[in-house]
Amino acid sequence: MAATDVDIFSNEEKRNLSLGGHVGFDSLPDQLVSKSVTQGFCFNILCVGETGIGKSTLMNTLFNTMFENEEASHYQNGVYLRPRTYDLQESNVHLKLTIVDTVGFGDQINKEESYKPIVDYIDTQFENYLQEELKIKRSLFNYHDTRIHICLYFIAPTGHSLKSLDLVTMKKLDSKVNIIPIIAKADTISKSELHKFKIKIMSELVSNGVQIYQFPTDDGAVTEINSSMNAHLPFAVVGSVEEVKVGNKAVRARQYPWGVVQVENESHCDFVKLREMLIRVNMEDLREQTHARHYELYRRCKLEEMGFKDTDPDSQPFSLQETYEAKRKEFLGDLQRKEEEMRQMFVNKVKETEGELKEKERELHEKFEQLKRMHQEEKRKVEEKRRELEEEMNAFNRRKVAAETLSLSQPLKKDKDKKKSVNTENQSGVSFSNSKVMMAKANMEPLNCQSWWQAIQCCTCLVHSDAWRQGLF
Amino acid sequence: MTTNIRYKSRFMKSEESEDKQYVGFATLPNQVHRKSVKKGFDFTLMVAGESGLGKSTLVNSLFLTDLYKDRKLLNAEERINQTVEITKHTVDIEEKGVKLKLTIVDTPGFGDAVNNNECWKPITDYIDQQFEQYFRDESGLNRKNILDNRVHCCLYFIPPFGHGLRPVDVEFMKALHEKVNIVPLISKADCLTPNEVKKLKDRVRDEIEHFGIKVYQFPECDSDEEEEFKQMDKELKECTPFAVIGSNTVVEARGQRVRGRLYPWGIVEVENQSHCDFVKLRNMLIRSHMHDLKDVTCDVHYENYRAHCIQEMTSKLAQDNRTDSPLPILPLPTPDVETERLIKMKDEELKRMQEMLEKMQQQMHEKDQ
């Protein structure tokens, strides 16, 4: 905001005037201050370091409170970030503090992917802010800013140099967030070793092109202190929330059998320096840097990715609107094309299915025809058989009649043969053979009956006796 | 040394009491002592752990020499893709006529790369190589001068900055606990207050048990040892894993020159028992248990390796039918499961065919009749 204002002023003609009396606009900073105090401040810290290196303890020591924290285990599958927001108040200033912890950092055997969750988290916070900024109806003044203002990178006090994981991670983070490297658990390094260690770390960072946060040295009031502090980076800190009696005061310290390490003693560690720099002097500058440098860089990259440019190929200033319109048209065109494609596909599919159905219909029809034909065949055959049968019946009847006329003058034996042959014919001729035999019998043996009634009865008896039926006579 | 005194006192006792029935083999310990002094001892110690945990400093403090004079440490950049190397330093040191050939095996690069998958493989390969070398030498024809390069003890350095064992620690110890005696140490213990030391030790002990890691166990004392010895032994066992501090520099403390570290808030003395467990480690490693470490390596780890090796070789021989092994091994008459099954099948087939044959014969017989 302030940068563009200055530009406008420099383009126009301006003259310096001196005032005749006291106007009163020197109260502007105070107005600004009272407005920000009522609004409240917001600060986000990201702590990156191995499990157990002292991140939570340092936070507790810095802000002099006990933030609730359970110890993390070493056996996480990957790195994940744990943000916690607290509301703090000191005199009449409200601070909304968010502390983001990296859980599981440095514990895995393969640490090649360890930096990714951290970078993703930072980008997500930037993205959220960008989305809010691009909204039509936006409320930036009461938006909870979750962008990370400062990343405290905890270096393990090996005394030799940075670890390979540290170097890789810091390289990935330096363009996205302000980094302040810290040597943790510094009560394990003696003074001479510490000096060598710090020099080694800084030279490694410089030779690998890692940009850590430099305290600003262009702001008159704090130039001196900032430039001297810059020379003390990285800060070697010790954290403690326990109090130990030293002299007649109770100070925060760590009690060893060989001595007491006091947290706020400048000759013991750089904790006081860190607190000065981080909280008392440069907190506002950190926030500004995050917004003006890191966030702007992210925004530029993101928008360029989407296709927006500040100047088109003819070096004419583009407006966001035109680009937006162009993009929209492109998008709609895309959409239409896709619709067409889908419709085509659909039509093709329908045609295919239709074809298949037709095929099936034809097959069914054929089958039906076949069955019908078979049916007819069968019918015909059956008809034929019936005709044959009838013919046989007729033939038989004729033969019977012929046989009757013959049998009047034939001996019994021939009857027997005939009977035999008759019996071997099909069963439908059985009744005929019986009546035939009966008649033959009637012609052979004169019945000893007195009257015609008796004769008939005798005949009936004969017929009904089993012996007749079987033709055993 | 306490051991000397013990043996000597026994010798004296028996001479006084039984003059007539005195045979004299009570002098055997002395004879052993004399011969071993003449022969000299050797010991191979391996140190493993990430860079910057004070391994070299501790070794220097243990043996009161400077083994790492011209060492070049790598930058962080160079370490991103570093592989583990194995380096050996051998020194001959002498004390009161007793010679010791000390070999220190160092593992630079362990756990330093960004991707540490299987970073313990070169170490296990090295240990196996030493075993194999000894195995071949032992089975050779001329066994006069066998060089024993087997690793007798591995000091594993656990960083004190965490809450206990990390995955890479667990994996390393699990890969090595059947091959070498592991003695876990908590390094750079001057960043832990006494309470924190206790908590961390309990944590590490629990995790070692939980993961089933077999670290080196001190042998149980005999019941007829002196009380003092038993007490010492008990203390030793309760103190594991040892929390140690090492130092390359000598400082002035309480009017004496001692090895220590100078801080603005005090002086840490390496040999002060209330400051760290360095003295206990030194006593255990050098003064009382060095030979036991060697014995366990020979009797347990090496024998396991040897048995495993031989088993593999014989199973291979049975399959390939080759006889070009370096050892004269008889092929064992244990048949394969596979061949047994085949034999059984064939037997059954034969039986069936015989039965059928008999039946047919019978039938033919009947028909003829």
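**Strand pairing in chain B**

In the predicted model, strand β4 (residues 153-158) of chain B pairs with β5(B) in the parallel sense, and five bridges connect the two. Within this pairing, Phe157(B) has Leu185(B) of β5(B) as its bridge partner. The two strands also belong to a right-handed β-α-β unit, in which helix α5 (residues 167-176) of chain B is the helical element alongside β4(B) and β5(B).

Strand β5 (residues 182-186) of chain B is mostly covered, with five of its five residues buried. In a regular strand, side chains alternate between the two faces of the sheet. For β5(B), both faces are covered: Ile182(B), Pro184(B) and Ile186(B) are buried on one side, and Val183(B) and Leu185(B) are buried on the other. A further parallel pairing, over two bridges, links β5(B) with strand β6 (residues 242-243) of chain B. Here Leu185(B) stands opposite Phe242(B) of β6(B). Leu185(B) is thus named in the pairing with Phe157(B) as well as in that with Phe242(B).

Chain B also contains an open sheet of three strands, ordered β7-β8-β9, in which the pairing is antiparallel. Its edge strands, each paired on one side only, are β7 (250-253) and β9 (266-269) of chain B. On average, neighbouring strands of this sheet are turned by 70 degrees against each other, direction ignored. Four bridges join β7(B) to strand β8 (residues 256-263) of chain B in the antiparallel sense. Ala253(B) has Gln256(B) in β8(B) as its bridge partner.

Note on methods
Residues numbered from 1 in each chain as written. Chains lettered and ligands numbered in written order. Predicted model: local features only at pLDDT ≥ 70, side-chain atom pairs only at ≥ 80, totals over all residues. Heavy atoms only, no water. Pairing = 2+ DSSP bridges. Axes fitted to C-alpha atoms, helices over the stretch in contact; angles between N-to-C directions. Buried < 20%, exposed > 50% of the residue type's maximum accessible area, 1.4 Å probe, protein only. Right-handed = clockwise from strand over helix to strand, strands pointing away.
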